[in-house]
Amino acid sequence: MKILITGGAGFVGSSLALNLKKNYPSYEIYALDNLKRRGSELNINRLKSAGIEFVHGDIRSKEDFDVIPAVDAVIEASAEPSVLAGLNGSPDYLINTNLVGTINCLNFALKHKATFVFLSTSRIYPIKPLEKLTYQEEETRFALTEEQPLPGANAKGISEYFPLDGARSLYGATKLASELMIHEYNEFYGLKTVINRCGVLTGPWQMGKADQGVMVLWVAKHFYEQQLAYIGFNGTGKQTRDMLHVADLYRLVDWQLHHIDQVNGEILNVGGGVEVSTSLVELTKICQEVTGKTIPIKPITEGRTADIPLYITDNTKVTEMTGWKPEISIRQIVEEVHEWLEENAEQLSYVLK
């Protein structure tokens, strides 16, 4: 099999590429990336040493696909991933990357009749409906109740049937618009596609920031002994998210590549679920235990634009269709990220410190 992975030097793309090459040494894998995200350059040698061909290019440019040979599958893992992108300035880069770039990827896949695996986001779900969900404030987290005012939500989380009307962030809008285009290519061009609406993805080699990659950011701030903040929701740190280790995501993508007919045309919510979820205050406790360090964390009552108190993925559909479910716990994620930081502290300090 020949596979193109866009965003191939990014956290998710490089992880998928390295795992595929490890498990299928005969596969030819091309990793296309524009290296815009700080720290992605650190992955180039990792990719090359594994026998993966790195292509320095940009999905916004149709010409940059010309150097890539025919492939059997495209994994679209590129994105401007920040929820805050475009809110304080021009949205041009966001739109040109997350929508126009995806269309360029679709056209490349169509040219070669390649399977198309798209990594979307839970952020396609609109903010105001999410804010209407009923939840209880427990001692260390917010938790969804079983009875909800909207379809597609219960104590297990948010399913694919949650309403889509409303604003969701410019980032979420570009990913949803891409999903709509993927439907069209699937229906009218016969392109085999699957869409994965991912929750928070994490693991070693993620260059975590406040607006994207909170798990690694939290561990790194403890490791380098710097300050953090509980922002919004009265500064309690009870905002809750599920987390998905990128190795768990890889197992699903691997299955999809080799069983595309069983998920062709499908949309699947993919995340850690209730079992692999944490609030910030719970995450702090684990970070303290794993790193042996306690750092100052400032409570800030005022919230951030487009933030929500909790998001948990209901994996019922993807589990029923594929048998997949996440296996790696919150504590194991923290331990792996901490070990990675210890092994690469000096190399990573300019990105994460």
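Select F116 and F118 to begin: both residues are buried (under 20% relative accessible area, with exposed meaning over 50% and partly exposed in between, for a 1.4 Å probe and protein chains only). This is a predicted model, in which local features need pLDDT of at least 70 and side-chain atom pairs count only at pLDDT 80 or more, while totals for chains, interfaces and linings use all residues. Residues are numbered from 1 along each chain as its sequence is written, and side-chain values use heavy atoms, with hydrogens and water left out.

Remain with these two rings. Their centres lie 6.4 Å apart and their planes meet at 15°, so F116 and F118 are stacked. Rings of Phe, Tyr and Trp (its six-membered ring) pair if their centres are within 6.5 Å; planes under 30 degrees apart are stacked, over 60 edge-to-face, and the rest tilted. The count by this rule is 11 aromatic pairs.

Next, select Y185 and Y189, an edge-to-face pair with 4.9 Å centre to centre and 80° between the planes. Both belong to helix α5 (residues 170-189), 4 residues apart, about one turn of the helix; helices are DSSP runs of H or I, at least four residues, numbered from the N terminus. Y185 is buried at 8% relative accessibility, whereas Y189 is exposed at 52%.

Then display Y125, F162 and Y311, which form one aromatic cluster.

Finally, turn to charges over rings (NZ of Lys or CZ of Arg within 6 Å of the ring centre and within 35 degrees of the ring normal). K36 lies over the face of Y93, 4.5 Å from the ring centre. The charged end of K293 sits over the ring of F223, at 4.9 Å from its centre.

Methods. Helices (H or I, at least four residues) and strands (E, at least two) are DSSP runs, numbered from the N terminus.
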